[in-house]
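Here is a short report for a first look at this structure. Keep the sequence and the 3D view at hand while reading.

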Amino acid sequence: MSPTNRTVVVTGIGATTPLGGDSASTWEALLAGRSGVQVLPYEWAAELPVRIGAPVAVEPGEVLPRPLARKLDRSAQFALIAAREAWADAGYTAKAGEDPAADPDRTGAVVASGIGGVTTLLNQYDVLKNQGVRKVSPHTVPMLMPNSPAANVGIDLGARAGVHTPVSACASGAEAIGYATEMIRTGRADVVVAGGTEAAMHPLPIVAFANMMAMSKNNDDPQGASRPYDAARDGFVLGEGAGIVVLESAEHAAARGARVYCEVVGQGISSDAHHITQPEPSGRGIAAALQHLMDNSDLKPAEIAHVNAHATSTPQGDMAELKALRKVFGDDVDHMAISATKSMTGHLLGGAGGIETVATVLALHNRLAPPTINLENPDPDLDADIVAAEPRPLPAGTIVALNDSFGFGGHNVVLALRSVQH
Amino acid sequence: MAATKEEILSGLADIVNEIAGIPTEDVELDKSFTDDLDVDSLSMVEVVVAAEEQFSVKIPDDDVKNLKTVGDAVDYILKAQS
């Protein structure tokens, strides 16, 4: 195999989500069909048009030492927790270099966020207004910059082959994993820690999204508010957290005897060039991303057994994605078990691609597609096999799973993962 | 009422503990902020602002670079109080 087309595998996973403080507890909750959505327990939320959301299950301040935590925006705190879990899960016992199995000069980090350190920015503006110039934290800039989670993960794990932060709204996390895959495939790195994080639980982002009519206002039924594909869906529910994977070249993983979860087959990317926030209603842009994936990989539609859909529970977006799948894969869509895990986690924006990749890795690894909760009265136009209510076993043999992520701005990113024989 | 040298040291120890997580008993006069107490240049600004507030003094940015050790800071604050 040429050095510019190396096989990339997943060797580690980590997450901190509305469902659990790590990937194992998150997965368990996903299989149990548990919702992480609640009435927001913050004083400031009481007067908002949207009073529900999905905060992380475990506060990062309970996990990270205080002197470290206070220098990090919440988004970087989540990223660091998830990255450390993924790094240890991959079998590394110390940062690159200290663990001789990872060469720092061949180790990278690609961690994305949709909005970066928005709560730091807003909180420090409050400090400036209320307490004056001298009280603004000297850590404000390194906390709010959107590359801060990636940079902090890179410092923590000793990654010197490049640290990057793709920003593409709600496609950011998936784009990060795609970027990391290319770093390895093209030979620039052997190991890359990649994923997405988001921490936007603050009245301003919530009100701003609510005023766009993008969010569910189902304040009376928090756990029923995120309901992808259901006829009564009325928008997304904001979640927070991070999902990170460790990607490696297959050779590197084999050389150190690492456990391999699955292979990254490839990615498909396109842009809508349609509207800054509205999905292109026919699914043309999404179909182009799927087609790009098929044209640039050895993937066969018949192999695709599972799709972790983007499906945020907005009236337009959910259906555009299904139309695109049908357009590209035709009847093959009928054997794809489609799951919308945002029904349980809410929408983590730039973190979504991260935690949904972790969920997709675990779906392949455990041969189980997680359920889509709250799908009670399917949209009359629903024309696909959604895994509702209960998890569903995935077939034996070599199978592929897709993870779709789309973002405001018309970003479409599809990642394809293939099971490996154990 | 001006703080004594001991009170200033004790106050700085609490500040450094809050910011850098260093045990208060390790914050001693001969310790270097950056080399011994894990206080980098950004965190040093936090230490200074907290000390200014606690001891009602002003420590101009130009003087901060001369405060290498805890003893430097204690002496500076003692002098600035008077």
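## Terms and basis

Buried means under 20% relative accessible area, exposed means over 50%, and partly exposed lies in between (1.4 Å probe, protein chains only). Helices (H or I, at least four residues) and strands (E, at least two) are DSSP runs, numbered from the N terminus.

This is a predicted model: local features need pLDDT of at least 70, side-chain atom pairs count only at pLDDT 80 or more, and totals for chains, interfaces and linings use all residues. Residues are numbered from 1 along each chain as its sequence is written, chains are lettered from A and ligands numbered from 1 in the order in which they are written, and side-chain values use heavy atoms, with hydrogens and water left out.

## Helix H1 of chain B

Helix H1 of chain B covers residues 5-20. Its 16 residues reach 22 Å from first C-alpha to last, close to the 22 Å expected at 1.5 Å a residue. The expected span is 1.5 Å times one less than the number of residues. The buried residues of H1(B) include Ile8(B), Leu12(B), Ile15(B) and Ile19(B).

What do the buried residues of H1(B) pack against? In chain B, they meet helix H2 (33-36), helix H3 (41-55) and helix H5 (70-81). In chain A, they meet helix H2 (66-69). Contact here means heavy atoms within 4.5 Å.

## Where the chains meet

Pro67(A) sits in helix H2 of chain A. Pro67(A) is buried, at 18% relative accessible area. Leaving aside residues up to four places away in sequence, Pro67(A) touches Ile19(B), Ala20(B) and Gly21(B). Gly21(B) comes just after H1(B) and has a positive phi of about 75°.

## Annotated spans

UniProt places "domain: Carrier" (unreviewed entry) at residues 6-81 of chain B. That span is 66% helix and 0% strand, and its end C-alpha atoms lie 14 Å apart. For residues 5-419 of chain A, UniProt lists "domain: Ketosynthase family 3 (KS3)" (unreviewed entry). This span is 33% helix and 19% strand, with end C-alpha atoms 19 Å apart. UniProt positions follow the numbering used here, feature names are shortened, and annotations may be inferred rather than shown by experiment.

## Two domains and their cores

Chain A is assigned domain 1 (8-255) and domain 2 (264-419). Such bounds come from an automatic or database domain assignment. The domain centres, taken over C-alpha atoms, are 21 Å apart. Their contact takes 68 residues from domain 1 and 61 residues from domain 2.

A nonpolar core is a set of buried Ala, Val, Leu, Ile, Met, Phe, Trp, Tyr and Cys residues joined through side-chain atoms within 4.5 Å. The largest has 43 residues, and Val10(A), Ile13(A) and Leu247(A) have the most contacts inside it. This core draws at least three residues from each of the two domains of chain A. Apart from it lies another core of 31 residues, including Ala287(A) and Leu322(A).

## Helix H7 and the cysteines

Helix H7 of chain A (residues 172-185) has end C-alpha atoms 20 Å apart, which agrees with the 20 Å expected for 14 residues. Eleven of the 14 residues are buried, so H7(A) is largely enclosed by the rest of the structure. Among them are Gly173(A), Ile177(A) and Met183(A). Gly187(A) follows H7(A), with a positive phi near 90°.

Two cysteines of chain A are worth finding. Cys170(A) is buried at 9% relative accessible area, and Cys262(A) is buried at 0%. The structure holds zero disulfides over all chains; a disulfide is a pair of cysteine sulfur atoms within 2.5 Å.
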